[in-house]
Amino acid sequence: MFDKVLVANRGEIAVRVMRACEDLGVDTVAVYSEADKHGGHTRYADEAYNIGPARAADSYLDHDAVIEAAEKSGADAIHPGYGFLAENAEFARTVEETAGLTWIGPSAESMEQLGEKTNARRLMNEAGVPIVPGTTEPVEEVEAVRTFGEENGYPIAIKAEGGGGGRGMKIVHEPEEAEDQLEAAKREGEAYFDNDSVYLERYLERPRHIEVQILADEHGNVRHLGERDCSLQRRHQKVIEEGPSPALDDDLREEIGEAARRGVAESAYVNAGTVEFLVENGEFYFLEVNTRIQVEHCVTEELTGIDIVKWQLRVAAGEELTFEQSDVELDGHAIEFRINAENAADGFAPASGGSLTTYDPPGGIGVRLDDALRQGEDLVTDYDSMVAKLIVHGKDREECIARSKRALAEYDIEGIVTIIPFHRLMLDDETFVAGDHSTKYLDEELDRSRLEEAQAKWGTETVDGDDDSVVEREFTVEVNGKRFEVNLEDRSGALATGGSAPSRPASGGSDNSGGSERSVPADGEVIAAEMQGTILDVNVEAGDTVEAGDVICVLEAMKMENDVVAERGGTVSEVAVESGQSVDQGDVLVVLE
Ligand code: MV4
């Protein structure tokens with residue numbers, strides 16, 4: 001086993017991997033960007049190295065910076081998590097070729113082999129795994145698309161060779177569209193993957209997305225750990241995953257699992273991986289292989305009791321899988337809810353900032369939380385919006401749904417918007433509860449107004465509200481010894497912001513974790529920073545008279561310049577910042593009399 005593992009990732013997955021290291025007695029190394037100086041993964045690790053600015057290209061994606069941190073720390077292996085460098089064959093090869101370092105994942109060669117989609121299709125086809133009817137060689141000419149249509153019918157999917165995750169796929173409904181869509185698919189392939197090669201598949205209209213978890217060692221053992229159903233997606237982003245799939249019966253389950261195992265066994269693949277399928281009308285078709293640990297691996301861990309990440313480390317260290325396929329048993333049902341900082345009622349718009357004034361996650365039987373959060377932290381908005389995962393386990397789907405409702409109701413997050421209300425809506429949704437949803441359900445079938453209702457019903461007060469002069473506060477009162485929770489509206493906030501960032505009330509003066517420097521003078525009007533950022537310009541000095549609408553200063557945040565505007569007129573009694581200074585959300589900028 002390794003002595004020390006560097007985790008080239010951030011947030012919940014970095015902590016998840018470090019927990020597996022901890023369980024194995026392996027030391028951990030974090031790398032972090034400027035934005036993650038105080039992040040959960042940075043705090044969790046035994047040692048941590050700053051590898052650059054917030055921009056991922058300059059830190060988490062910087063090959064040299066990650067390798068340098070590995071060498072400085074004396075780590076003997078690198079785990080990439082998911083996203084960032086996880087499926088970058090070039091980086092994997094660099095790690096493989098660096099003396100003293102091991103790549104915890106499939107080889108660069110496997111990644112290249114399976115990353116090229118026609119190659120993966122050919123390989124699966126040869127292993128007897130059903131593929132979506134289509135070509136296993138790239139197509140060049142529009143004639144080939146029309147001929148395919150005549151022989152197999154429409155619609156046709158034109159997919160980029162290097163594609164995946166929804167990018168570089170075009171649909172052709174009739175021969176007249178073939179030319180434009182072929183050109184568009186090639187253009188996207190070139191733009192996204194530096195590869196304009198495309199291939200064809202029959203387009204399935206209402207498929208389920210089913211994926212099979214695989215573990216393989218270098219001794220030729222391959223096991224499948226059952227399937228997950230990831231059909232509930234929004235614009236190719238999974239939001240709820242579960243297992244076993246409500247759409248498979250035991251025969252199909254056995255067949256699809258064995259097919260995945262056969263396909264992977266054929267390709268000399270080592271480590272964890274996922275074989276994706278589309279399922280329609282009782283038939284399954286291979287789609288692609290994901291050569292990484294996935295966000296939703298926890299669903300499978302709950303069902304099988306197998307620690308997949310721990311096994312990733314073990315097989316990377318050359319160990320042999322110690323269980324047979326017949327030892328893998330699926331126990332009950334598990335559902336994973338991605339806790340994204342997004343507003344489902346506003347097209348799932350990611351939160352532009354905020355501070356976790358309350359963070360009180362659920363617990364109890366059947367509840368698992370993978371997160372890297374702590375109350376009082378500011379939301380980091382430089383990366384993806386997923387802040388935590390709630391994974392619920394029960395003896396069957398019904399118990400799991402009931403338990404999920406309970407856990408989501410317990411989950412108390414204030415200060416940032418999340419999609420918890422959306423999840424609660426799904427648990428009351430007829431189609432989801434019946435398990436009848438296809439991959440089209442969220443984008444094409446769900447009524448939008450229900451998202452707004454859910455948000456109004458279950459959304460907590462966040463600093464993202466529309467009316468920027470009202471802050472709702474929760475108080476506990478006792479009346480004749482009985483406890484009541486009451487919400488009171490505080491209309492004393494006074495701040496307006498120009499620019500395009502959403503307006504929020506000043507948080508100076510509220511009881512967030514700011515400490516004494518954020519206290520508000522009783523007789524002044526405080527203008528506070530709406531979000532964390534840098535002061536670019538201060539336009540006033542003490543003694544100046546300002547009028548409503550005057551720009552007081554300019555705050556750069558989220559790569560945008562925001563004018564901080566006086567909502568009312570007055571005399572400047574104090575200027576608390578200077579240009580170039582970094583401020584936190586809620587920090588006092590200027591006091592007016
Ligand atoms: C398809 C398909 C229907 N027919 N291929 C979208 C992401 C990419 N990895 C593959 N995708 C699809 N490929 C054929 N031949 C439908 C999708 C698809 C989809 C697949 C899985 C999960 C969600 C999806 C949402 C829309 C389309």
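Visitor: Where is R235 found in this predicted model?

Guide: Happy to start there, and do keep in mind that the model is predicted. R235 has a positive phi of about 45 degrees although it is not a glycine. Most residues other than glycine have a negative phi. As for its place, R235 sits in the loop between strand 10 (222-234) and strand 11.

Visitor: Which residue does a cis peptide bond join to Y154?

Guide: Most peptide bonds are trans. Here, though, omega is about -5 degrees. The partner lies in the loop between helix 7 (142-152) and strand 6 (156-164). The residue joined to Y154 by this cis bond is P155.

Visitor: And what is omega for the peptide bond from G243 to P244?

Guide: P244 lies in the loop between strand 11 (237-243) and helix 9 (250-266). The bond that leads into P244 from G243 is cis. Its omega is near -10 degrees.

Visitor: Let's turn to the ligand. Which domains does it lie between?

Guide: The chain is divided into five parts, including domain 2 (133-202) and domain 3 (205-331). Both of these give residues to the shell around the ligand. The ligand therefore lies between domain 2 and domain 3.

Visitor: Which residues come nearest to the ligand?

Guide: There are 16 residues around the ligand. By class, this shell has six nonpolar, six polar and four charged residues. The ones that come nearest are K159, E201, R202, L204 and H209.

Visitor: How much of the ligand does the protein bury?

Guide: Let's begin with the polar atoms around it. A polar side-chain atom of E201 lies 2.8 Å from a ligand nitrogen, and an N or O atom in the side chain of E288 is 3.1 Å from a nitrogen of the ligand. Taken alone, the ligand exposes 520 Å², and the share of that area buried by the protein is 93%.

Visitor: Which elements give two or more residues to the shell around the ligand?

Guide: R202 is a good place to look, with a backbone N or O atom 2.7 Å from a nitrogen atom of the ligand. The elements that give two or more residues to the shell are strand 8 (198-202) and strand 13 (283-290).

Visitor: What is the volume of the largest cavity?

Guide: The structure holds one cavity of 30 Å³ or more. Its lining has six nonpolar, five polar and one charged residues. The volume of this cavity is about 40 Å³.

Visitor: Which domains does the largest cavity lie between?

Guide: Among the residues that line the largest cavity are H79, W103, T291 and Q312. Domain 1 (4-112) and domain 3 (205-331) both give residues to the lining. That is why the cavity lies between domain 1 and domain 3.

Visitor: Finally, how far apart are the C-alpha centres of domain 1 and domain 5?

Guide: Domain 1 spans 4-112, and domain 5 spans 511-592. The distance between their C-alpha centres is 39 Å.

Methods
Residues numbered from 1 in each chain as written. Predicted model: local features only at pLDDT ≥ 70, side-chain atom pairs only at ≥ 80, totals over all residues. Heavy atoms only, no water. Near = heavy atom within 4 Å. Polar contact = N/O pair within 3.5 Å; in protein donor to acceptor, adjacent residues only side chain to side chain. Areas by Shrake-Rupley, 256 points an atom, 1.4 Å probe, with all protein chains shown as cover. Helix = DSSP H or I, 4+ residues; strand = E, 2+ residues; numbered from the N terminus. Nonpolar A, V, L, I, M, F, W, Y, C, P; charged D, E, K, R; others polar. Domains from an automatic or database assignment. 1 Å grid on protein atoms, 1.4 Å probe; cavity = no way out; pocket = protein on both sides within 12 Å on 5 of 7 lines; lining within 4 Å. Points joined across faces, edges and corners; volume = space filled by probe spheres on them.
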